[in-house]
Amino acid sequence: MKIKLLALIILTASQALAQSGPTRTRLFDADWYFLKDSTANGQQPGFKESGWRKLHLPHDWSIEDLPHQSPDQVMGPFSRASVGNTSTGYTVGGTGWYRKAFVLKAAEAGKVARIQFDGVYMESDVWLNGHHLGYRPTGYTSFSYELTPWLLPAGQTNTLVVRVKNSGQNSRWYTGSGIYRHVWLTLTEAVHIAPMGVTVTTPKVSARLAQIVVRTAIDNTKKTTLPIRLITTLIKPNGQPAGADQQVFTVSGNGKVERSQTLTVASPGLWSPETPTLYRAKAVLVAGAKRLDSVTTSFGIRSIELDASRGFVLNGKRLLLKGGSVHHDNGPLGARAFDRAEERKVELLKANGFNAVRTSHNPPSPAFLDACDRLGLLVVEEAFDMWQRPKKPQDYHLFFDQWWRTDLQAMIERDRNHPSVFLWSIGNEINERADSSGLVLTKQLADEAHRLDPSRPIMEAMCVFWEHPGKVWEDGDKAFALLDVGGYNYEWKHYESDHQRHPTRIMVGTESFAREAFENWQQVEKHPYVLGDFVWTAMDYMGETAIGHALLQPKADKDSVKAVLPWPWFNAWCGDLDLIGTKKPQSYYRDVVWRNSPIEMAVHSPIPNGMKETVTNWGWPDERQSWSWPGQEGVPLQVRVFSRSPLVRLELNGKLVGEQQLADTTITASFTLPYQPGVLKATSFANGKPTGSVTFRTAGKPHHLQLTTDRLTLHADHNDLAYVTVDVVDEQGQIIPWLDTPVTFALTGAGELAGVGNGNPTDLSSFQRTQKSTFRGRCLAVIRSGGKAGQISLKATAPSLGTHEIRMVVK
């Protein structure tokens, strides 16, 4: 009987799945009018958009060129007069207006309509047909408004207006400005699944069987009570049903109801960074023979356990977190959260050894988390950078008391189905973290997060009390006691002593210096109570200018302690990857630290006589993965070889330079040799046998430009991108790492140039014009699909290097 009943449920569910219906939610990014200005009555329906610019979202006006360009004062999107100054990389905010007209079809009449914004920076007001829908001060969380009461009849033109204010000193990093993430319009019947109304958890997971709990919240905006069926089907990655359940109940007039269904999946495919298997849960509401609504959400089946004796246990196995913190921007695209840009960021992190990321210090875009789910990147998702006390005069502290609960709920309810998200962070380096007021807030925030999502632990990132003279590290114990996981920013030296004092405390390095990667990772490998290490940062970002710089100064001078440098620096320059995604020297070092590579090598740039190099805490010595130093013949150069093998040998042009034994306490061997063009080769040995080798060859003369793209085929979708790397190479195709030359781009066909960039942290030139100089032989062009099928041709021209072309197809 049970088998027959299950078969009937699956048959009914399959029939419900097969029913076609109108699109419930559609992207609302196209055809907005924009004005960067303060204007009167811009919210009125009859307002004329004379002189306004038409564009497709996502949009960020802070990455666009400023008017009145002036050498050394206003360059590209940068201004010396920027109120954000070094914090936001000299970019400019202001006020922006967006207007969009839309018409509902006759078939959409009577629907319940809701608009959702994935992210608007910063303070936004929204109007529909002149009615003020609401105000939202937060720049990162998603929010929505119901439109239904103020919609005009089908066939008439509705006007949606958004005003955005990015004013004052409100951030410590580049934020972008405007509607920089997607906008969505949802149309439903009166009885429908509530926004963010489907929640999936996996309370019991084994290789044999998984228990899946699906909770569905249903709203009824009609006055009449309605009997309905809720049919929920689990769908395997191959599209086949994995289980189904249905319930029959009534929803009272103007009422809400939540139903829980428990299903099982036999022999489940488990989600992990190595195997990011995704299932789908489809909830369908049916009244009689009519399908009222349906929502499909992706989820992963995985179990996570944390404790001080076993560490981070995923699906029954300990996993060491190889992590990096990232900000939300996309380099030359600014804060614009194109799906492909977010996906590429995740691809780059995975390709460079990361299995985890911390979204510092705010919730990311849904597209970023979707990519983490698909590609297998674990996520620590962070809510706030400050609470009641400011870090900047006009930052979120002004809104915290009124809005923290709303914003925390928005983050968790939106993102709790993502299998990649395993840890919620309620704050970063909070000023009042150990004060009496801060302890009250810590408990309130942690309790609320646990209420909204009992399945995930809570953490907070803590640093030494540099802003509270007289306080010592141990003064944070009361705050740590309120958390499930203690986040340690740059404090790996306290791990062992803290464990002696608090043996059950679970720790994770939420921020660390690249130069201390080996020391941090030794702690992770040695102690299960240290879950992992998250470097600051995995990728370069704009703002906090030059915190990762290396500075040349006279030997007689006192070592510089400057962490931030002014104009023309706009970039923090502390990432493992640069602003366009190119691997930097510290990332090669980390490959050996994390045992992802047996050997790597770096050559330090020449240091002039009488000079020395000082490096910031977040910085890295001025090293390159190169043996091309024209004009430096005979000059002594330092070569560092990184390996976990006990013996390293260095050769130049086939002749032995030297050998070094490596102790267990280091992975670095240092050599000094006069520069001579040719082939530099390092080899590592264990037990007399080679374990790996790395070779640098001196590049020849610049010969031509080499264009490569991450994809040759794009979708006919304004949200799709192609990243074209332009390298200056010699006749054999080897990059010329010392050449900075201007490259001019010409694009024709079914696309547009969305941005150009390089890794240079002091190049203030435009990200949107058709010219960009290479930096260490490389620059980047980002192409955006024009939304129609066709072909795209991109030509790149550089002095003495000719013109080279690459073609793509848009389908």
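Reader: How many bridges join strand β18 to β19, and do they run parallel or antiparallel?
Author: This is a predicted model, so read everything here as computed. Nine bridges join β18 (residues 279-287) to β19, and the two run antiparallel. One pairing to look for is Tyr279, whose bridge partner in β19 is Phe299.

Reader: What do β18 and β19 form, and what sits in the turn?
Author: They form a hairpin with two residues between the strands. Gly288 sits in that turn, with a positive phi of about 65°.

Reader: How many residues of β19 are buried?
Author: Seven of its ten residues are buried, so β19 is largely enclosed by the rest of the structure.

Reader: What about Asp293, buried or exposed?
Author: Asp293 is found in β19, which covers residues 290-299. Its relative accessibility is 5%, and the cut-off for buried is under 20%, so Asp293 counts as buried.

Reader: Which side chain does Asp293 make a polar contact with?
Author: That of Arg24, at 2.6 Å. Setting aside neighbours within four places in sequence, Asp293 is also in contact with residues including Thr188, His192 and Ile193, as well as Ala283, Val284 and Leu285. Those last three lie within the range of β18, residues 279-287.

Reader: Switching topic. In what order do the strands of the five-stranded open sheet come?
Author: The order is β42-β49-β48-β44-β46, and the pairing is mixed. β42 and β46 stand at the edges with a single partner strand each, so one side of each has no neighbour in the sheet.

Reader: Which way do β42 and β49 run, parallel or antiparallel?
Author: Parallel, with two bridges joining β42 to β49 (residues 802-810). Leu714 stands opposite Val810 there.

Reader: And how does β44 pair with β46 and β48, parallel or antiparallel?
Author: β44 (residues 742-749) pairs with β46 (residues 771-773) in the antiparallel sense over three bridges. With β48 (residues 790-798), β44 is again antiparallel, over six bridges. For landmarks, Pro742 has Ser773 as its bridge partner in β46, while Thr748 has Ser793 in β48.

Reader: OK, helices. Which residues of α8 are buried?
Author: In α8 (residues 517-526), the buried ones are Ala517, Phe518, Asn520, Trp521, Gln523 and Val524.

Reader: What do they pack against?
Author: A mix of strands and helices: β22, β23 and β30, plus α7 and α9.

Reader: Where should I look in the largest nonpolar core?
Author: Try Phe384 and Leu408, which touch the most other members of that 87-residue core. Outside its neighbours within four places in sequence, Leu408 is in contact with Ala383, Phe384, Leu445, Glu448, Ala449 and Leu452. Another core, of 27 residues, lies apart from this one and has Phe28, Trp61, Phe102 and Val164 among its members.

Reader: Zooming out, how many helices and strands does the chain have?
Author: Nine helices and 49 strands. The radius of gyration is 28 Å, close to the 28 Å the globule rule gives for 811 residues, so the chain is as compact as a globular protein of that length. The C-alpha trace spans about 90 × 65 × 55 Å along its principal axes.

Reader: What share of the residues is buried?
Author: Buried residues make up 58% of the 811. About 31,900 Å² is exposed, and carbon and sulfur atoms supply 51% of that.

Reader: And what share of the contacts comes from residues 24 or more positions apart?
Author: They account for 71% of the contacts with a separation of 6 or more.

Technical notes:
Residues numbered from 1 in each chain as written. Predicted model: local features only at pLDDT ≥ 70, side-chain atom pairs only at ≥ 80, totals over all residues. Heavy atoms only, no water. Helix = DSSP H or I, 4+ residues; strand = E, 2+ residues; numbered from the N terminus. Buried < 20%, exposed > 50% of the residue type's maximum accessible area, 1.4 Å probe, protein only. Polar contact = N/O pair within 3.5 Å; in protein donor to acceptor, adjacent residues only side chain to side chain. Contact = heavy atoms within 4.5 Å. Pairing = 2+ DSSP bridges. Rg over C-alpha atoms; globule rule 2.2 N^0.38 Å. Areas by Shrake-Rupley, 256 points an atom, 1.4 Å probe, with all protein chains shown as cover. Core = buried A, V, L, I, M, F, W, Y, C linked by side-chain atoms within 4.5 Å.
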